[in-house]
Structures are given as structure tokens and as C-alpha cells.
Amino acid sequence: MSDKIQQERRHFLKVTTAGTAIGLLGGLSRGAQADQKVIVFNDSGGASAAAAKSGFREPFEAATGVKVNITAPAQVSKLQAMVDAGNVEWDVAELVSQEHELAIRKGLMQPLDKSVVDTSHLWEEARDDYSVVFAYYSTAMGYNKTKIAEAGRPKSWADFWNVAAFPGRRALRNHPVDNLEFALMADGVAPDQLYPLDLDRAFASLDRIKKDVAVWWKDGAQPAQMLLDGEVDFTSGWHGRFFALAKAGEERIGVEWNQGMVKRSWVGVPVGAKNPVEAMQLIALMINPQNSAKYAEGISYICGDPRAFDYLPESVKPWVVTNPAVKGRMVTANEQWWIDNLEVAQQRWNDWIAV
């Protein structure tokens, strides 16, 4: 990190900790708050919510005097119910992967106020008229480094499927998303040729590994914990969970980035939100490079502004999927395909996993 960036970062943290209003927030005055206003950011929860406290909530509260409550989980079905009932509890809503486009299609999101939310520095793929990406993350392969020597660690999903050459207990998520892509890559489909997904070929590939999967996990905390407990030797998992352990000093967990699935978490303001002005200001802060880097220090997820990477500590950079050395080895999920085909894929998965 350059001296200039370090100086800017120290200055940013200093002013936000002191509670001085930041220009990007539109100059909202603490003194103007006769009664403290409260807004709600609905997050996916877990490690993300913990990182959001230091990355977003605390700087925003210090700068504006507006309190931020963080709730979970992120569910477009619940958002739909609130909008339909005319009682929207969330001011800022996280929309995970393909759900952001689904929410837009259903008319659940209001357009961003571009005079407040500056999207000009974001990658085109990280912005639209209703939402912005605040967190790039991934589903990748994790393994226990102390149990599995370097030569015995799978380097691809074809290796993961190859039980004879790479023995060990395996785990995969109990869900079609990502697993269908993994199954096709294991069967020899090139990453740039995955979509549209061939369901017959994917499930035929899954048939070959099914009996060798010790655990079909459902909760995001499971994969890392199973690796630590020795319940499995390698597993798919959201990489932020693996990072959280490494950040805490746990050295047993490793990650194979090759053929991992890059995902995007978006934020926007729901139709009917009670505090849309402050909600837009919070979103602006969430994609500010310094704030995004601070959030990434807690979970290794980062926004779509390439400048944010420069504010990261060196220890965090290898864990961020926007790092060119990492992202170039991964596959970007086709969210559009999943919006159009999730219902069919989910029903087929449910039937398959039940047998």
C-alpha cells in the first residue's frame, strides 16, 4: 500500500471515528437529528453482518448520527411479502446473486438516486439502475492442509470427483446452484462453455459422486467447521468463512480457487422503504473504496470499485476474488440463466437428492 493511500486511509478513519460528516453523504447534520433516526440494513447475516458493523455501520453512524440496525437473512420472498403488505421494514436490502434481478423484475426496488450514489467508478457488471454490487465473493473448494498433503489436494472439480486418485471425505452444498456447474466441469465441460447448463449431463455427473459425498451441507458455517473438526477433508464453501478462520490465526484451512464460482451481492432500496434518503446515503458509503476495504478486512468480500483493492492490507489481498491473480482462475456465475431456470433445476435437485 502506497504512502499516499495509507495517509488517505488514516485520515478517513480519523474523521469517521470523530463523527464528522462525509461529503458523499450529502452533508447530513448530526445536529439536525432531534430524535435519533434509525434505518435498517438487511444483510445475509453471519460473518457478513459482523464485518458490516465496522465497515459500514459505525462510520455511517459517526458521520450522520443516524443509527443503523443490521438484520438478516436476505430473502427476496420476504421482501416481496413486505412490499405487498405495504409495510417495508428494510431501508437497504442485500440481494444475493440472481435475486437482485428477480427483485427488479418484480418491481420491488426503486431507482438509485445517482446524485447521491456515484456509480461512475464501478465496473459495468457491478451496477444497474436499481442496485450496486457491494460484495464480490465465491463458492470455492476448501481443504484441511494438515490432513491432506499438497499432492493429495484436488486442484479442479475433475480431481474432486476422482475418488480413487484423491481419497478423502467430501462435502457439497445441498442445492443445485454451483453444484451443477461443478458437475459439468468435472465431466470435462470448459468453464466458458457451461451455459446454458445441460441438466441431463450435470445430474449424470452428480450420480458418479453422490455415494462418496459424506455431508450435503445446508448452513454456510458448516464447511469450515467440518474441516476443523476433521469430519471432512475437502468441501465446497463460501470463501469468506474460510477467510474468517485464517484471520483468527487458524492455519489448517486452505482454499483452491481454480474453478470456483464468483458471485455478486447487491444492495438497493426497496419500494416503500421508510427512509429512502438515508438509505441512498448508506449505499453510497458502502461502495466508497475505503469503507469497502474496511468491510473486506472482516470477511474478504469487496465492492465493484477497483480502487478499493488498493486500500486493503497485504494480508487480505490474496483472499479477495477481484484480485487478478485469483479472479482469472475462477468462473463467473450466469445469474440470468439461474433466474430463468431455478425452479426447474431446484425441483430436479430435490427429486435427485431424496433418492
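This is a short walk through the pockets, buried lysines and salt bridges of the structure above. Keep in mind as you read that the model is predicted.

Let us begin with open space. The largest pocket holds about 1000 Å³. Its lining is made up of 38 residues, and A74, V96, E99, R173 and W238 are the ones closest to its centre. If you would like an element to find first in the viewer, try helix α13, which spans residues 335-354: this helix gives the most to the lining of the largest pocket, contributing six residues. As for the character of the lining of this pocket, 16 of the residues are nonpolar, 13 are polar and nine are charged.

From there, turn to the second largest pocket, whose volume is about 170 Å³. Here 12 residues form the lining, and D118, A284, I287, N288 and R307 lie nearest the centre. The lining of this second largest pocket consists of seven nonpolar, two polar and three charged residues.

Now for the charged side chains. Side chains of opposite charge can pair when their charged atoms come close. The structure holds 17 salt bridges, and a few of them are worth visiting one by one.

Take E125 and K327, whose side chains meet in a salt bridge at 3.2 Å, N to O. This pair ties together distant parts of the chain, since E125 sits in the loop between β4 (109-110) and β5 (132-144) while K327 belongs to helix α12, 202 residues apart. Are these two partners buried or exposed? Neither word quite fits: E125 is partly exposed, with a relative accessible area of 35%, and K327 is also partly exposed, at 25%.

The side chains of K263 and D178 form another salt bridge, with 2.8 Å from N to O. This pair, too, links distant parts of the chain: K263 is in strand β9 (residues 253-270), D178 is in the loop between β6 (170-173) and α6 (179-186), and 85 residues separate them. Both K263 and D178 are buried.

A further salt bridge joins the side chains of E314 and K317, at 3.0 Å from N to O. Elsewhere, E150, R153 and K155 are joined into one network by salt bridges that share partners.

K317 deserves a second look. You will find K317 in the loop between α11 (289-299) and α12 (324-327). Why is K317 classed as buried? Its relative accessible area is 13%, and buried means under 20%, so K317 falls on the buried side of the cut-off. Setting aside neighbours within four places in sequence, K317 is in contact with F309, L312 and N323. So picture a lysine that is buried, that touches those residues and that pairs with E314 through a salt bridge.

K210 makes a good companion to K317. This lysine is found in the loop between α7 (199-209) and β7 (213-217). What is the nearest side chain of opposite charge to K210? That is D207, 5.9 Å away, and K210 is buried yet has no salt bridge. A salt bridge needs a side-chain nitrogen of Lys or Arg within 4 Å of a carboxyl oxygen of Asp or Glu. Leaving out neighbours within four places in sequence, the contacts of K210 are W216, W352, I353 and V355.

To close, place the two lysines side by side in the viewer: K317 has a salt bridge with E314, whereas K210 is buried without a salt bridge.

Methods:
Residues are numbered from 1 along each chain as its sequence is written. This is a predicted model: local features need pLDDT of at least 70, side-chain atom pairs count only at pLDDT 80 or more; totals for chains, interfaces and linings use all residues. Side-chain values use heavy atoms; hydrogens and water are left out. On a 1 Å grid over the protein atoms alone, a cavity is a set of points where a 1.4 Å probe fits but cannot get out, and a pocket is an open set with protein on both sides within 12 Å along at least five of seven lines; lining residues have an atom within 4 Å of a point. Grid points are joined across faces, edges and corners, and a volume is the space filled by probe spheres set on the points. Helices (H or I, at least four residues) and strands (E, at least two) are DSSP runs, numbered from the N terminus. Ala, Val, Leu, Ile, Met, Phe, Trp, Tyr, Cys and Pro count as nonpolar, Asp, Glu, Lys and Arg as charged, and the others, Gly among them, as polar. Buried means under 20% relative accessible area, exposed over 50%, partly exposed in between (1.4 Å probe, protein chains only). Contact means heavy atoms within 4.5 Å. Lys and Arg count as positive and Asp and Glu as negative; His and the chain ends are not counted.
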